[in-house]
Amino acid sequence: QAQLVESGGGLVQPGGSLSLSCSASGFTLDGYTIGWFRQAPGEPREGVSCVSSTDDSTYYIDSVKGRFRISRDNSKNTVHLEMNNLEPEDTAVYYCAADLYVAVRAMCAGATIPYEYWGQGIQVTVSS
């Protein structure tokens, strides 16, 4: 069964770091645009960072620029989101998504679009 699975979430203190991974099984991520999204309680889902199929184009929302870094490892069929200097406002369920026919910026702008694959989400909590 083709699916995306997120890992690496958890509880971290403000200023700390976490690295999320989005691993694909049952299909290859080659050619797919990949996005990380998040949804905090009572808030709409938002696109956090997206990366093109060739890894030469990335997008970040303003609130995470300089703190988060997205990268993909096609040899491991995985996309990573490195999160540094975390803030309580980063607390949310984080999801990854993959789609063949969407541009990077458009993907991050379309947090409610039913992309081809969505992961089940993983909790990230930033709290002292």
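1. Let me start with a disulfide: C50 and C108 are bonded, with their sulfur atoms 2.2 Å apart. This link is right-handed, with 110° about the S-S bond. It ties together distant parts of the chain, since C50 belongs to strand β5 (residues 46–51) and C108 to helix α1 (residues 104–109), 58 residues apart. Both C50 and C108 are buried. Please keep in mind throughout that this is a predicted model.

2. The structure holds two disulfides, and the other one joins C22 to C96, with an S to S distance of 2.1 Å. Here the angle about the S-S bond is 75°, and the link of C22 and C96 is again right-handed. Distant parts of the chain are linked in this case too: C22 sits in strand β3 and C96 in strand β9 (residues 92–99), 74 residues apart. Which pattern do the bonded cysteines follow when numbered in sequence order? The pairing is 1-3, 2-4.

3. How accessible are the two cysteines C22 and C96? C22 has a relative accessibility of 0% and therefore counts as buried, the cut-off being under 20%. C96 is likewise buried, because its relative accessible area is 0%.

4. Now to the sheet that contains β3. Four strands make up an open sheet, ordered β1-β3-β8-β7, with antiparallel pairing. At the edges are β1 (3–7) and β7 (68–73), each of which pairs on one side only. Ignoring direction, neighbouring strands of this sheet are turned by 15° against each other on average. As a reminder, strands of a sheet pair through backbone hydrogen bonds, either parallel or antiparallel.

5. The two edge strands are worth following to their partners. β1 runs antiparallel to β3 (residues 18–25), and five bridges join them. Within this pairing, E6 has C22 of β3 as its bridge partner. C22 thus appears twice in this note: as the bridge partner of E6 and in the disulfide to C96.

6. On the other edge, six bridges join β7 to the antiparallel strand β8 (residues 78–83). One residue pair to look at is F68, whose bridge partner in β8 is M83. How many residues lie between the strands in the hairpin of β7 and β8? There are four, and in this hairpin N77 takes a positive phi near 55°.

7. The aromatic residues deserve a look as well. The count of aromatic pairs comes to seven. F37, Y95, Y115 and W118 form one aromatic cluster. Two members of this cluster also meet a charge: R45 lies over the face of Y95, at 4.2 Å from the ring centre, and the charged end of R45 sits over the ring of W118 as well, 4.5 Å from its centre.

8. Turning to salt bridges, a search of the whole structure finds five. R38 forms one with E46, and the closest N and O atoms of this pair are 2.7 Å apart. Are R38 and E46 buried or exposed? R38 counts as buried because its relative accessibility is 6%, whereas E46, at 32% relative accessibility, counts as partly exposed.

9. D90 and R67 also meet through their side chains in a salt bridge, at 2.8 Å from N to O. The two residues come from distant parts of the chain: D90 lies in the loop between β8 and β9, and R67 in the loop between β6 (58–60) and β7, 23 residues apart. D90 has a relative accessibility of 1%, so this residue counts as buried. R67 is buried too, with a relative accessible area of 9%.

10. These charged residues can be put together. R38, E46, R67, E87 and D90 are linked in a network of salt bridges. Both R38 and D90 are buried members of this network, while E46 is partly exposed.

11. Finally, K65 pairs with D62 in a salt bridge, the closest N and O atoms being 3.1 Å apart. K65 is partly exposed, with a relative accessible area of 49%. D62 has a relative accessible area of 63%; the cut-off for exposed is over 50%, so D62 is exposed.

Conventions. Residues are numbered from 1 along each chain as its sequence is written. This is a predicted model: local features need pLDDT of at least 70, side-chain atom pairs count only at pLDDT 80 or more; totals for chains, interfaces and linings use all residues. Side-chain values use heavy atoms; hydrogens and water are left out. Two strands pair if DSSP finds at least two bridges between them. Axes are lines fitted to C-alpha atoms, for helices over the stretch in contact, and angles run from 0 to 180 degrees between N-to-C directions. Rings of Phe, Tyr and Trp (its six-membered ring) pair if their centres lie within 6.5 Å; planes under 30 degrees apart count as stacked, over 60 as edge-to-face and the rest as tilted. A charge sits over a ring if NZ of Lys or CZ of Arg is within 6 Å of the ring centre and within 35 degrees of the ring normal. A disulfide is a pair of cysteine sulfur atoms within 2.5 Å. Buried means under 20% relative accessible area, exposed over 50%, partly exposed in between (1.4 Å probe, protein chains only). A salt bridge is a side-chain nitrogen of Lys or Arg within 4 Å of a carboxyl oxygen of Asp or Glu.
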